[in-house]
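Colleague: I have a model open beside its sequence, and I'd like to learn how to read it. Could you walk me through it?

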Amino acid sequence: MPDVKVTYDKTVNAAYIYFTDPQVSVRSAHTYPCDPIDVDGMINLDFDEQGRLIGIEVLAATSKLPEYLLQAAERLDSEGS
């Protein structure tokens with residue numbers, strides 16, 4: 001099974017889970033915001049032009065994702081440098 005790339009920015013408490021090949025640049029053609037009331041937060045699904053899910057943005061990531069995933073994620077904030 002291929003690895004899934006995850007990035008995390010502690011400064012804004014946001015994570016992104018990529019479902020695309022890291023060597024290929026894929027642009028989001030459509031973002032579907034999940035209902036913040038139903039998911040008790042803000043989660044956005046990104047789709048490419050063919051309608052394939054290419055990534056998930058999770059805001060308030062510490063309340064929505066397991067700690068081990070955030071600790072293993074590529075850091076985008078100054079703590080990750």
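**Reading the sheet and its charges**

Modeller: Happily! Start with one facing pair: Ile-17 stands opposite Ile-56 in β5. Before going on, note that this is a predicted model, where local features need pLDDT of at least 70, side-chain atom pairs count only at pLDDT 80 or more, and totals for chains, interfaces and linings use all residues. Residues are numbered from 1 along each chain as its sequence is written, and side-chain values use heavy atoms, leaving out hydrogens and water.

Colleague: Which strands pair in the antiparallel sense over five bridges?

Modeller: Strands here are DSSP runs (E, at least two residues), numbered from the N terminus. Two of them pair if DSSP finds at least two bridges between them. In this model, strand β2 (residues 14-18) and strand β5 (residues 53-59) are antiparallel partners with five bridges.

Colleague: In what order do the six strands form the open sheet?

Modeller: The order is β3-β4-β5-β2-β1-β6, with mixed pairing. At the edges lie β3 (30-33) and β6 (74-75), each of which pairs on one side only.

Colleague: What are the neighbours of β4 like?

Modeller: On one side, β3 pairs with strand β4 (residues 42-47) in the antiparallel sense over four bridges, and His-30 faces Phe-47 of β4. β4 also pairs with β5, again antiparallel, over six bridges; there, Met-42 has Leu-59 of β5 as its bridge partner. The hairpin of β4 and β5 has five residues between the strands, and Gly-51 takes a positive phi near 85° in that hairpin.

Colleague: Now the charges. How many salt bridges does the count come to?

Modeller: The general idea is that side chains of opposite charge can pair when their charged atoms come close. The rule asks for a side-chain nitrogen of Lys or Arg within 4 Å of a carboxyl oxygen of Asp or Glu. By that rule the count is three salt bridges. One of them joins the side chains of Glu-74 and Lys-5 (3.7 Å, N to O). This pair links distant parts of the chain, with Glu-74 in strand β6 and Lys-5 in strand β1, 69 residues apart.

Colleague: Are the residues of the Asp-48 and Arg-52 bridge buried or exposed?

Modeller: Buried means under 20% relative accessible area, exposed means over 50%, and partly exposed lies in between (1.4 Å probe, protein chains only). Asp-48 and Arg-52 meet in a salt bridge at 2.9 Å, N to O. Asp-48 is buried because its relative accessible area is 8%, whereas Arg-52, at 49%, is partly exposed. The salt bridge between Arg-75 and Asp-77 is also listed at 2.9 Å, N to O. Arg-75 is partly exposed at 25%, and Asp-77 is buried at 7%.

Colleague: Which side chain of opposite charge is nearest to Asp-46?

Modeller: For this question, Lys and Arg count as positive and Asp and Glu as negative, while His and the chain ends are not counted. Asp-46, in strand β4, is buried yet has no salt bridge, and the nearest side chain of opposite charge, Arg-27, is 11 Å away. The side chain of Asp-46 does make a polar contact with that of Thr-31 (2.7 Å). Such a contact is a pair of N or O atoms within 3.5 Å; within protein, one must be able to donate a hydrogen and the other to accept it, and residues adjacent in sequence count only if both atoms are side-chain atoms.
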